[in-house]
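Reader: I'd love a close look at one part of this model, the open sheet and what packs around it. Could you walk me through it?

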Amino acid sequence: MASLSLRLAATMPSVGPGKTMSVMSTTESGGCSGGREAGVRHLVQNGHFSVPAAVQVTRSAMSSIPVSGSSSTSPLRAVSSKISAEMSTAPSTEEPELETDPIVLWNRYVNWLYQDKDLGLYLDVSRIGFSDEFYEAMLPRFEDAFKHMKELEGGSIANPDEGRMVGHYWLRKPEIAPTPYLQKLILDTFDRVQKFADDVISAKIKPPPTPVGRFTQVLSVGIGGSALGPQFVAEALAPDNPPLKLRFIDNTDPAGIDHQIAQLGPELSSTLVLVISKSGGTPETRNGLLEVQKAFRDAGLDFSKQGVAITQEGSLLDNTAKIEGWLARFPMFDWVGGRTSEMSAVGLLPAALQGIDIRGMLDGAAIMDESTRNTTVSLIL
Ligand SMILES: O=P(O)(O)OC[C@H]1O[C@H](O)[C@H](O)[C@@H](O)[C@@H]1O
């Protein structure tokens, strides 16, 4: 994986004032990496540091970085905020001084900057005040975490209370789901979501006769994990002029519910209502649904022709939608936690209805997952 070569360490020998030193990037196999250097150079070129090139740094150049306080080259001093005593397994619980030496800070930045060029992701933990000893003391925990992650992705029962697996990773890479049945379930659900959204956007699926003859708005009724993902994605990824506009009823505040319905106005007749609840029995969501159904009745509209349920099969919501003959039902899987459900129908359907490329979303998440499987935390020590 490309990401493997990106978790690199750079070494920088200590030098005296005015001397030049080199930043050498190394890969896991010990070779040089253009990736790391290019990334650091990119940051330099983008004005993060006033040095001529990432590979040649002088103390005089570094002195242009504003710092205050005493100077030290000790790598064990804190850099900024301190780690709380109960979190730290480091031998000393003394509060370290803040590091101020620009060379040490630079080394630390170069050593700890994580970058994944494919994803365009940079993570700089170098200003978090952990010491080398703290990092070493944490290594067994890192290993333990990676071991558990592997078991989790293999389908272990990770939620003993509910006796269920935790498999949202499989949603973006169905081939790693533990059984062919689950793989097929994921793929079939994706296809159904994509087709339904395409049909709504192209007006193949339309509301009962309305002046515009197609759905123009989406109203999502759901709370917590059944709302936050779709809200975030709508903020981050929706085009400026989506084919359908998405709004939310995400709490039980009566004034807020009335406000959303009032804003829809006559467009209620061309509104697709998504009722999203993993359990299918959350009272707040049920309240929202009852209010929306009343608004439909008051406007002389048939809610069942415009309602869609996303929930676990056999839940109260699922049974309601089935008995009332709603427009569509999509499954929520028991092995996907509510707060990690964005890549299930919970998040994919609202995203697709806004014209977002949901295949691309899944592919991006799969690359991110792959990065988290790299067990090399650092090559520095
Ligand atoms: O998706 P539902 O079963 O309706 O649950 C919706 C939400 O309910 C509560 O707020 C829980 O604390 C959340 O974790 C959950 O996401």
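**The open sheet and its surroundings**

Author: Happy to. Of the 381 residues in the chain, 46% are buried. Please keep in mind that this is a predicted model. The chain holds 12 helices and 15 strands, and its accessible surface comes to about 18,800 Å², with 56% of that belonging to carbon and sulfur atoms. Among contacts with a separation of 6 or more, 65% are between residues 24 or more positions apart.

Now to the sheet itself. Its 5 strands follow the order β12-β11-β13-β14-β15, and their pairing is parallel. The edges are taken by β12 (245-249) and β15 (328-331); each has a single partner strand, so one side of each is left without a neighbour in the sheet. On average, and with direction ignored, neighbouring strands are turned by 20° against each other.

Inside that order, strand β11 (residues 217-221) and strand β13 (residues 271-277) run parallel and are joined by 5 bridges. If you want a pair to look for, Val221 has Val275 in β13 as its bridge partner.

Two helices are worth viewing together with the strands. Helix α9 (residues 283-298) packs on the sheet and touches β11, β12 and β13, and its direction makes about 160° with that of β13. Helix α10 (residues 316-324) lies across β13, β14 (307-311) and β15, and runs at about 150° to β14.

A good residue to zoom in on is Gln306, which sits in the loop between α9 and β14. Its relative accessible area is 1%, and buried means under 20%, so Gln306 counts as buried. What surrounds Gln306, once its neighbours within four places in sequence are left aside? Its contacts include Pro207, Pro208 and Phe215, the run of Leu268, Ser269, Ser270, Thr271, Leu272 and Val273, and also Phe296 and Leu327. Of these contacts, Thr271 falls within the residue range of β13 and Phe296 within that of α9.

For a view elsewhere in the chain, you could go from Gln306 to Ala365: the two are 59 residues apart in sequence and 31 Å apart in space, C-alpha to C-alpha. Ala365 falls within the range of helix α12 (residues 358-372), whose axis comes within 11 Å of that of helix α6 (residues 180-201), the two crossing at roughly 145°. Phe190, Val193 and Gln194 of α6 make this contact with Ile358, Arg359 and Leu362 of α12. By type, the residues of the contact divide into 4 nonpolar, 1 polar and 1 charged.

Notes:
Residues numbered from 1 in each chain as written. Predicted model: local features only at pLDDT ≥ 70, side-chain atom pairs only at ≥ 80, totals over all residues. Heavy atoms only, no water. Axes fitted to C-alpha atoms, helices over the stretch in contact; angles between N-to-C directions. Helix = DSSP H or I, 4+ residues; strand = E, 2+ residues; numbered from the N terminus. Contact = heavy atoms within 4.5 Å. Nonpolar A, V, L, I, M, F, W, Y, C, P; charged D, E, K, R; others polar. Pairing = 2+ DSSP bridges. Buried < 20%, exposed > 50% of the residue type's maximum accessible area, 1.4 Å probe, protein only. Areas by Shrake-Rupley, 256 points an atom, 1.4 Å probe, with all protein chains shown as cover.
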